[in-house]
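Here's a quick tour of one protein chain, starting with the overall layout and then zooming in. Have the viewer open as you read.

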Amino acid sequence: GVGANSLAIGPNTFFQNNVHLLGRLLADVRAGVGEARDAVVADLYGGVGTIALDLAPHVGRVICVEAVAESAALAAENARRNGVANVAAVAEDVLPFLREQAPGSFGVAVADPPRTGLGPEVCAELLRHGPERIVYVSCNPLTQVEDLRALAQGYALRSLRGYDMFPHTPHVETIALLTRR
């Protein structure tokens, strides 16, 4: 269980395995999203729906976008199992998903990409969409810095916090909060 939700995960699905810090990380993502009762939140690289389900009671709707079909199916299943009606799971790569959406279709973006980061094309799409806030969870500060530079033309970095999810390793998780300029 994670917070109020119980989550099904599969052998090939990504899941944040440091459950001791996960609650803190989720609380900080929620704080970054802010009180947004009517907001549509795009949860990019949403995995099995961990962040989406945590945000669901606090926002209007969450679109959980996940390229791995098994994970997206589990996100939909996890929403059903937990009685969460305002989370939609979309099994699609983030870039084509963003390209298909009209600007302004979501007010907040939460992104938790793989180690490769968002990359220039996804950053360009986020700039085109112009959500009010971007909450960027990263497991690789090096690619996150590149992405933050790309997003700086439209966004101001408001906060950056690190989490030692894997003690005694060089790996660190960070959350960056960006607001539209």
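Below are notes on the fold, one helix, one residue and one pocket.

## Overall layout

First off, this is a predicted model. The protein chain has six helices and seven strands. Reading from the N terminus, the order goes α-β-α-β-α-β-α-β-α-β-α-β-β.

Of the 181 residues in the protein chain, 51% count as buried. Take the contacts between residues at least 6 apart in sequence: 68% of them join residues at least 24 apart.

## Helix 6 and its two sides

Helix 6 covers residues 141–151, and its buried residues are Gln144, Asp147, Leu148 and Leu151. Look down the helix axis and these buried residues fall within an arc of 105°, so they line one face of helix 6. Over on the other side, Leu142 and Arg149 are exposed.

What do the buried residues of helix 6 pack against? Their partners are helix 5 (119–129), strand 5 (133–138), strand 6 (155–163) and strand 7 (173–180). At the N-terminal end of helix 6, Asn140 acts as the cap, with a side-chain oxygen 3.0 Å from the backbone nitrogen of Leu142.

## A closer look at Gln144

Gln144 sits in helix 6. Its relative accessible area is 2%, and the cut-off for buried is under 20%, so Gln144 counts as buried.

The side chain of Gln144 makes a polar contact of 2.4 Å with the side chain of Thr174. Setting aside neighbours within four places in sequence, Gln144 is in contact with Tyr136, Ser138, Leu160, Thr174 and Ala176.

## The second largest pocket

Now for some empty space. The second largest pocket has a volume of about 160 Å³. Helix 1 (19–33), strand 6 and strand 7 are the elements that give two or more residues to its lining. Which element gives the most to this lining? That's strand 6, with four residues.

The full lining of the second largest pocket is Asp28, Ala31, Gly32, Val135, Ser159, Leu160, Arg161, Tyr163, Ile175, Ala176 and Leu177. By type, the lining residues split into seven nonpolar, two polar and two charged. Leu160 and Ala176 are worth picking out: they help line the second largest pocket, and they are also among the contacts of Gln144.

Notes: Residues are numbered from 1 along each chain as its sequence is written. This is a predicted model: local features need pLDDT of at least 70, side-chain atom pairs count only at pLDDT 80 or more; totals for chains, interfaces and linings use all residues. Side-chain values use heavy atoms; hydrogens and water are left out. Buried means under 20% relative accessible area, exposed over 50%, partly exposed in between (1.4 Å probe, protein chains only). The arc is that of the directions from the helix axis to the C-beta atoms. Contact means heavy atoms within 4.5 Å. A polar contact is a pair of N or O atoms within 3.5 Å; within protein, one must be able to donate a hydrogen and the other to accept it, and residues adjacent in sequence count only if both atoms are side-chain atoms. On a 1 Å grid over the protein atoms alone, a cavity is a set of points where a 1.4 Å probe fits but cannot get out, and a pocket is an open set with protein on both sides within 12 Å along at least five of seven lines; lining residues have an atom within 4 Å of a point. Grid points are joined across faces, edges and corners, and a volume is the space filled by probe spheres set on the points. Ala, Val, Leu, Ile, Met, Phe, Trp, Tyr, Cys and Pro count as nonpolar, Asp, Glu, Lys and Arg as charged, and the others, Gly among them, as polar.
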